[in-house]
Amino acid sequence: MSLFPNPRSELFDGPEVPPLVEAEPMDDAAGDVSHVALKRPSRTRVIVIANQKGGVGKTTTAVNLAAALGFGGLKVLLIDMDPQGNASTALGIDHRQGIRGTYEVLLDDAEIQWHVVESSEAPNLFVLPATIDLAGAELELVNVQGRERKLKEALDAYLKTHEMDYVIFDCPPSLGLLTLNALVAAKEILIPIQCEYYALEGVSQLLRTIDLVKGNLNDTLALSTVLLTMFDGRTRLSSQVADEVRKHFPHQTLDAVIPRSVRISEAPSYGQTVITYHRGSAGGRAYMAATKEIAERAN
């Protein structure tokens, strides 16, 4: 059963305008992020960004949140769990086949500190890269004892000797063993939800998985943040979906929403986050606002 009831079709009847195409200023000084100090958490916040539906903005959110936190003066480790390695690409990290990173940590008991790379995309930002080798990791992990806790054990060991304010996991669009390892290692979940109706369908399944993980593998896991992405306020559908999400997650949903943005779409093709590609754009400002909101929730 879906978490969200089917809305009556008449709610969505009526003329719609085309998706938003930004007409944005080219002045990159607008919305400068380099001098925005963010609240430091009292302990390391370990956040998994998860949604088994693809195309909802998981990787975009992970890299822009990580970069914005780094510019805010906080130390951040991003662990790329997706075999596609898109987060590594956006943060300027080499992830060609043969590069050592997340795969070796999960399968070869390598220490995280051996393979972490400092990103040039933002200060204080470190990345454990993912390569295509991760594509076979789930099958290889099936017969490994304690397979769900491999990442948690490695991260716990790393944090004993490395002070980090945030650890962020970028997960693949599935609920397999890679995502499960991140859920077991994390303390918080951030769910990006695309402002289109079908994006809501998989949230119920994700919440059931979260409950199973909490009951059996990680009692401290909590859904802390819901972020609305690809929002177009000119369309009735975006507004209705946003209202439904806020009704079901009134405390977790951020006030900041991420708009449909040309700059956000363009940034990965330059191997950048929107924070550095065009920080004064609507997308850059939105991710900065979302990051500030998340940081202010630090305990």
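1. Helices here are DSSP runs of at least four residues, numbered from the N terminus. With that naming, Thr273 lies in the loop between α10 (262–266) and α11 (274–277). Keep in mind that this is a predicted model.

2. Is Thr273 buried or exposed? Buried means under 20% relative accessible area. Thr273 has 1% relative accessibility, so it counts as buried.

3. Which residues does Thr273 touch, leaving aside its neighbours within four places in sequence? The contacts are Val63, Asn64, Ala67, Ala90, Leu91, Glu121 and Ala267. Take note of Asn64, one of these contacts. Asn64 also appears in point 7, in the contact that α1 makes with α12.

4. Now the whole chain. It holds 12 helices and 7 strands. Of its 299 residues, 53% count as buried. The chain exposes about 13,100 Å². Carbon and sulfur atoms supply 52% of that area. Consider next the contacts between residues at least 6 apart in sequence: 81% of them join residues at least 24 apart.

5. The sheet comes next. Strands of a sheet pair through backbone hydrogen bonds, either parallel or antiparallel. In this model, 7 strands form an open sheet with mixed pairing. Their order is β3-β4-β2-β5-β1-β6-β7. Which strands stand at the edges? They are β3 (117–118) and β7 (222–229). Each has a single partner strand, so one side of each is left without a neighbour in the sheet.

6. Look at one pair inside that order. Strand β1 (residues 45–49) and strand β6 (residues 188–194) pair in the parallel sense, over 3 bridges. Within this pair, Val48 has Ile189 of β6 as its bridge partner. Helix α12 packs on the sheet and touches β1, β5 (166–170), β6 and β7. The direction of α12 makes about 165 degrees with that of β7.

7. Helix α12 (residues 282–296) also meets helix α1 (residues 58–71). Their axes come within 9 Å and cross at roughly 70 degrees. Angles of 65 to 115 degrees count as roughly perpendicular. The two helices, α1 and α12, are therefore roughly perpendicular to each other. From α1, the contact uses Thr60, Thr61, Asn64, Leu65, Ala68 and Leu69. From α12, it uses Tyr287, Met288, Thr291 and Ile294. What classes of residue does this contact have? There are 6 nonpolar and 4 polar residues, and no charged ones.

Notes:
Residues numbered from 1 in each chain as written. Predicted model: local features only at pLDDT ≥ 70, side-chain atom pairs only at ≥ 80, totals over all residues. Heavy atoms only, no water. Axes fitted to C-alpha atoms, helices over the stretch in contact; angles between N-to-C directions. Parallel < 35°, antiparallel > 145°, perpendicular 65-115°, else oblique. Contact = heavy atoms within 4.5 Å. Nonpolar A, V, L, I, M, F, W, Y, C, P; charged D, E, K, R; others polar. Buried < 20%, exposed > 50% of the residue type's maximum accessible area, 1.4 Å probe, protein only. Areas by Shrake-Rupley, 256 points an atom, 1.4 Å probe, with all protein chains shown as cover. Pairing = 2+ DSSP bridges.
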